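Here is a quick walk through a few corners of this protein. Have the sequence and the structure open while you read.

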Amino acid sequence: MSKTAVRINAADSVAVALVPLAAGTSVTLEASDGVPAVTVELKEDIAAGHKFAVRAIAQGEPVIKYGYPIGAATEAVQAGMHVHTHNIRTLLAGELDYTYDEAKAAAAYQAWYKETESLRQRCPQVQAYVRTDGWFASGSGLHSTGSRNEIWIIPLVGCVNKICESLAAWGNARFCNGNPAPRTDGGVEGVFTWTHPYGCSQMGGDKETTARILADLVHHPNAGGVLVVSLGCEENNIDYFKQFLGTYDAERVKFMVTQQHEDEIAEGRRLLEELGAYASRFRRTSVPLSDIVLGMKCGGSDGMSGITANALIGRVCDAMTGMGGRVMLTEVPEMFGAEQMLMNRCCSREVFNKTVKLINGFKDYYARHNQVCYENPSPGNKAGGITTLEDKSLGCVQKGGKAPVTGVLAYGERLSGSAASSVQGQHMPQESTGLLLLEGPGNDIVSTTDMTAAGAVILLFSTGRGTPLGAPVPTVKIATNHPLAKNKSGWIDFDAADLLEQSAESVRDSLLQFICDVVSGRAITKNERNGYREIAIFKDGVTL
């Protein structure tokens, strides 16, 4: 096989350059699935991550990549020509009708089940924090599993952000000697606050959304203790907020109304002392990796994303779900054009119907705001070789591998029940294990917050252009190409371009080992080391 370019699917009419290629270069693409090898002489310079035609493509003909159309040619394209925004247009439109094929879904499940059979026998153990008083109601018999044991400070309104930041700085000096970091022996691993500009002057559903996301964060299993800070006069006040919070452990969750204390800093420190004493009791314990909820994200994507990083994450997704775990995929607008791939793997008609509602509901959201659904990809995506939204989406959903789609979560909805320890055998699973689709936008900060709020305790984040962004939970940055991994080593945790030189299984296993090390506190991600952690909450209405 040529190490300079790849044809992803035998049916593809384009190939992707893995390195910069000059006009006049002859590239031989290997035979696959009955399609013979082909040698193409390039008629133009092709940048890494960009596409070139492997055969003639007529004007108006669909352009095929990943085995699916990524648009249609706007002019006749000769073999060897650059295929990009100048000669492709999207084929996407508004809401669509979809069909569910139970036989196809069952066949996809059986193929996934067979491919992951060996992994099922060797689910590794990790050292993590088992919570019975956070995610679920005390005494429910359910548990959640955290990868960190931190104290989180949750401001109910943006007015108290700076107070919360001051308290977090004091807490880190008090409990971590000013150096928050994961530990293998338990104890407080850091004090963090999740500042935001909301909690007041919000109308419609935005006020509820803010309260719901913040309540989810209070219950998150990575938080051994939580301080909720209120101004006192905001709409999202403590009484209102508790309607969304539900049952909580009074030792684990403390409240402070700053307007009610002469010295709110002194009171906040007093409460942090109590929370620190409580959180310090926790120790890591051995649990199967399948207990860990994983989130998946891509940002700053390029033409290599679907070939290396997202494909690698897809293999990890298959491994995790094959072991009986749960993995979340969001960025609904970046499913447009690839949604049928996911629908073909829905475990039931009910899940299929929820997926259709998820997709068309987000299209309706754009329509209600008089916006075009397909105002994507971004300038950086295009510079990296992504041409249309179909192109971006088909690369994006590679993160889901071949795992069965077993559930759909609304924005702000938390996972329920404990992680299953095994898959459902030869029968289609109904819930608990597998791939879960989460309602949310493509925006990096909003979607990483969304997955954290839903229950992810570690995220895999692929990038081809590079981004320093981090979520409240460990965020493993995975580069799509060697130059990015080398040039931005301060951001990147793992180089997925190794897939081009090593076996897919060995690279997958290396990433799985890194995940185990991060979850167990033996390794720290770059976003944690740099202190790059933040949240953003989805906003749909007006501000007073």
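## A surface patch, a small sheet and a helix

Leu544 counts as exposed because its relative accessibility is 65%, and the cut-off for exposed is over 50%. Keep in mind that this is a predicted model. Along the chain, Leu544 sits in the segment after helix H15 (526-530). Which residues join Leu544 in a nonpolar patch on the surface? They are Met203 and Val542, and together the three have about 310 Å² of accessible area.

Now for the small sheet. It is open, has 3 strands in the order E6-E7-E9, and its pairing is antiparallel. Strand E6 (62-65) and strand E9 (88-89) are at the edges with a single partner strand each, so one side of each has no neighbour in the sheet. As a rule, side chains in a regular strand alternate between the two faces of the sheet.

Here is how the strands pair up:

| Strand pair | Sense | Bridges |
|---|---|---|
| E6 and E7 (residues 68-73) | antiparallel | 3 bridges |
| E7 and E9 | antiparallel | 2 bridges |

If you want to find these pairings by eye, start with Lys65, whose bridge partner in E7 is Tyr68. Further along, Pro62 is opposite Ala72 in E7. Ala72 also stands opposite Arg89 in E9. The hairpin of E6 and E7 has 2 residues between the strands, and Tyr66 there takes a positive phi near 60 degrees.

On to helix H14, which covers residues 504-519, 16 residues in total. How far does H14 reach from its first C-alpha to its last? The span is 22 Å, close to the 22 Å expected at 1.5 Å a residue.

Which residues of H14 are buried? The list is Ala504, Val507, Arg508, Leu511, Leu512, Phe514, Ile515, Cys516, Val518 and Val519. Note that Arg508 is in there with the buried set. What do these buried residues pack against? The helices are H2 (117-120) and H7 (309-322). The strands are E10 (125-131), E21 (458-463), E22 (475-479) and E23 (494-495).

After H14 comes Gly521, and its phi is positive, near 85 degrees.

Note on methods: Residues numbered from 1 in each chain as written. Predicted model: local features only at pLDDT ≥ 70, side-chain atom pairs only at ≥ 80, totals over all residues. Heavy atoms only, no water. Helix = DSSP H or I, 4+ residues; strand = E, 2+ residues; numbered from the N terminus. Expected span 1.5 Å × (residues − 1). Buried < 20%, exposed > 50% of the residue type's maximum accessible area, 1.4 Å probe, protein only. Contact = heavy atoms within 4.5 Å. Patch = residues over 30% accessible without salt bridge, like charges linked within 9 Å, V, L, I, M, F, W, Y side chains within 5 Å. Areas by Shrake-Rupley, 256 points an atom, 1.4 Å probe, with all protein chains shown as cover. Salt bridge = Lys/Arg side-chain N within 4 Å of Asp/Glu carboxyl O. Pairing = 2+ DSSP bridges.
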